[in-house]
Amino acid sequence: MRAELSKLHDACARFHATRVYCERSGGLRVPTYVREIIAIAGGDAYSGSADIEPLAAFDPQMIIALVACEDERYAEIVMSRHGWSALKAIKTERLFVIQNALFRPTPRLIDGARLAAKLLHGVSA
């Protein structure tokens, strides 16, 4: 898995890092390893609180919401949060709701990393 992650990182290294806010269902913070996977895929993962002031200062270009099962309503919940409509990711419609199974510390984690690289930079490695 390390070799595959290294190959993916090399493929994404030529791009500018995309600012990414990533959360689990209910606005919960993601574990550190998820932010590390986002970084491998060419992202700059936000590590602060979900309060609008610090998040607006970061102004994510993309939001990734990890949910237990795909639910289009979750995107509506995120978009309707107070002040979030001003975020670049919301303005440019770069909000992705993804099954969290792809971002668990299992062999499927490489699939999550590949998906992140594709979403962030269109890289298929």
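Which exposed residues does the face of H4 turned away from its buried side carry? In this predicted model, that face carries Glu72, Arg73 and Glu76.

**Helix H4**

The buried residues of H4 are Tyr74, Ala75 and Val78. These three sit on the same side of H4, because the arc they cover around the axis is only 105°. A general rule helps in reading such a pattern: an α-helix has 3.6 residues a turn, so residues three or four places apart point the same way. On their side of the helix, the buried residues of H4 pack against S1, strand S4 (62-67) and strand S5 (95-99). Helix H4 thus has a buried side with Tyr74, Ala75 and Val78, and a face turned away from that side with Glu72, Arg73 and Glu76.

**Salt bridges**

A search of the whole structure finds three salt bridges. The table gives the partners and the distance between nitrogen and oxygen.

| Partners | N to O distance |
|---|---|
| Glu4 and Arg114 | 2.3 Å |
| Glu23 and Arg81 | 2.8 Å |
| Arg114 and Asp111 | 3.2 Å |

The salt bridge of Glu4 and Arg114 ties together parts that are 110 residues apart in sequence, because Glu4 lies in helix H1 (residues 2-12) and Arg114 in helix H6 (residues 109-121). Glu4 is partly exposed, at 37% relative accessibility. Arg114 is also partly exposed, with a relative accessible area of 30%.

Arg114 has a second partner, Asp111, with which it forms a salt bridge. Both residues lie in helix H6, three residues apart, which is about one turn of the helix. Asp111 is partly exposed, with 32% relative accessibility. Through shared partners, salt bridges join Glu4, Asp111 and Arg114 into one network.

The side chains of Glu23 and Arg81 also meet in a salt bridge. This pair links distant parts of the chain, 58 residues apart: Glu23 is in strand S1 (residues 18-24), and Arg81 is in the loop between helix H4 (72-79) and helix H5 (88-91). Glu23 is buried, with a relative accessible area of 0%, whereas Arg81 is partly exposed at 22% relative accessibility.

**Cysteines**

How many disulfides does the structure hold? The number is zero. Why is Cys12 in no such bond? The closest cysteine sulfur, in Cys22, is 15 Å from the sulfur of Cys12, and that is too far for a bond, because a disulfide needs two cysteine sulfur atoms within 2.5 Å. Cys22 is likewise in no disulfide, its nearest cysteine sulfur being that of Cys12. Both cysteines are found in the interior by the accessibility criterion: Cys12 counts as buried at 2% relative accessibility, and Cys22 counts as buried at 6%.

**Gly43**

Is Gly43 buried or exposed? Gly43 counts as buried, because its relative accessibility is 10% and the cut-off for buried is under 20%. Gly43 lies in strand S3, which covers residues 43-45. Leaving aside neighbours within four places in sequence, Gly43 is in contact with Ala17, Thr18, Val20, Ile38 and Leu120. Gly43 can also be placed relative to Glu72, which is 29 residues away along the chain: the C-alpha atoms of the two are separated by 24 Å. Glu72 is one of the exposed residues on the face of H4 turned away from its buried side.

Note on methods
Residues are numbered from 1 along each chain as its sequence is written. This is a predicted model: local features need pLDDT of at least 70, side-chain atom pairs count only at pLDDT 80 or more; totals for chains, interfaces and linings use all residues. Side-chain values use heavy atoms; hydrogens and water are left out. Buried means under 20% relative accessible area, exposed over 50%, partly exposed in between (1.4 Å probe, protein chains only). Helices (H or I, at least four residues) and strands (E, at least two) are DSSP runs, numbered from the N terminus. Contact means heavy atoms within 4.5 Å. A salt bridge is a side-chain nitrogen of Lys or Arg within 4 Å of a carboxyl oxygen of Asp or Glu. The arc is that of the directions from the helix axis to the C-beta atoms.
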